[in-house]
Amino acid sequence: MEWSDVRIFLAVARGGSFGEAARSLGVSHPTIGRRIKVLEDEAQQALFRRTKDGLVLTDAGDNVLALAESMEDSALSMERRLAGNHQRLEGILRISSADWFAGYVLAPVLVELARRHPAVVPEVIASYRLLDLSRRDADVAFRIVPFSEPDIVQRRLMRIPYGLYASTETAQALQDDPASVGLILMNTAQSHFPDVAWVLDTFPRSRRVFTSTNRTVQAQMCLRGLGLAVLPRPLGDALAGLQRIDTPDQPPMRDVWVGYHHDLRHMDRLRAMLDIADMMLSDSPAQ
């Protein structure tokens with residue numbers, strides 16, 4: 001059984017359809033179907049069966065799954081070690097972070113990396129999702145929560161101050177009648193964030209008017225006068241038209257953690273980027 005076929009088998013098992021597997025792997029739908037047929041011919045039995053909810057594993061397919069995942073782990077480990085031993089400062093460096101962090105904090109670091117090492121190509125995956133570093137979804141990630149996955153080298157990079165922001169019109173309404181001003185918040189999945197609790201405690205009579213997982217979207221809604229928003233200061237301070245509101249106590253600061261898989265600790269382009277990040281960002285709150 002070839003690794004390329006195993007990848008396809010796992011993609012179908014996880015995606016539940018040939019179409020979803022084709023999209024995730026960047027290949028054609030007929031290719032997926034053809035390779036699965038080859039696998040089933042080799043096994044002399046069906047590995048998937050069709051249901052109204054999509055493709056599911058047969059008993060035979062379920063027996064193959066653990067072996068396929070073990071083969072995947074070995075292949076990914078080999079890929080990480082080869083990448084980590086790459087001695088030339090060139091190639092793509094996949095970086096995961098929130099969009100506001102990439103655009104307003106990390107951008108100067110990446111510009112300096114490009115200036116020093118023009119053959120290194122940063123590829124920023126701007127998303128609030130926590131990508132799987134062991135599967136090389138990204139080479140390095142910046143998060144506001146520590147990493148819990150095994151084999152991840154991590155450390156606290158910096159602290160980010162947060163502020164309360166409003167448009168000119170919203171700031172005036174806040175002075176006239178605080179209860180009339182709406183709140184722009186994180187959505188339900190991020191409702192446990194400390195800044196959400198802070199703003200709800202600070203403005204108990206205000207209603208929530210908008211929620212989003214994306215801080216940049218929150219900032220734009222705030223800029224357009226929809227309500228108050230707690231934003232990272234590198235983002236809020238950079239947007240003309242937003243003003244920071246003074247309050248008796250400030251929103252909680254957040255730590256930023258950087259992490260990468262242990263197998264990539266010798267990747268030169270990763271080390272180069274982290275050295276620049278340390279020089280420009282480490283242990284100094286962004287202003």
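Trp100 has a relative accessibility of 5% in this predicted model, and because the cut-off for buried is under 20%, Trp100 counts as buried. Its partner Phe101 is also buried, with a relative accessible area of 3%. How do the rings of Trp100 and Phe101 meet, edge-to-face or stacked? They form an edge-to-face aromatic pair, with 5.7 Å from centre to centre and 85° between the planes. That angle earns the name because planes over 60 degrees apart count as edge-to-face.

Follow the rings a little further and you come to Phe142, which ring pairs link with Trp100 and Phe101 into a cluster. In total, the structure holds 3 aromatic pairs.

Now let us turn to the sheet. Its 5 strands run in the order 4-3-5-12-6, and the sheet is open, with mixed pairing. Which strands lie at the edges? They are strand 4, covering 120-126, and strand 6, covering 152-160, each of which pairs on one side only. From one strand to the next, the twist averages 20°.

Within this order, strand 5 (residues 140-143) and strand 12 (residues 254-261) are worth a visit. These two strands pair in the antiparallel sense, over 4 bridges. Look for Val140, and you will find Tyr260 of strand 12 standing opposite.

Two arginines complete the tour. Arg254 lies over the face of Phe193, at 5.2 Å from the ring centre. Elsewhere, the charged end of Arg50 sits over the ring of Phe18, 5.7 Å from the centre of that ring.

Methods: Residues are numbered from 1 along each chain as its sequence is written. This is a predicted model: local features need pLDDT of at least 70, side-chain atom pairs count only at pLDDT 80 or more; totals for chains, interfaces and linings use all residues. Side-chain values use heavy atoms; hydrogens and water are left out. Rings of Phe, Tyr and Trp (its six-membered ring) pair if their centres lie within 6.5 Å; planes under 30 degrees apart count as stacked, over 60 as edge-to-face and the rest as tilted. Buried means under 20% relative accessible area, exposed over 50%, partly exposed in between (1.4 Å probe, protein chains only). A charge sits over a ring if NZ of Lys or CZ of Arg is within 6 Å of the ring centre and within 35 degrees of the ring normal. Two strands pair if DSSP finds at least two bridges between them. Axes are lines fitted to C-alpha atoms, for helices over the stretch in contact, and angles run from 0 to 180 degrees between N-to-C directions.
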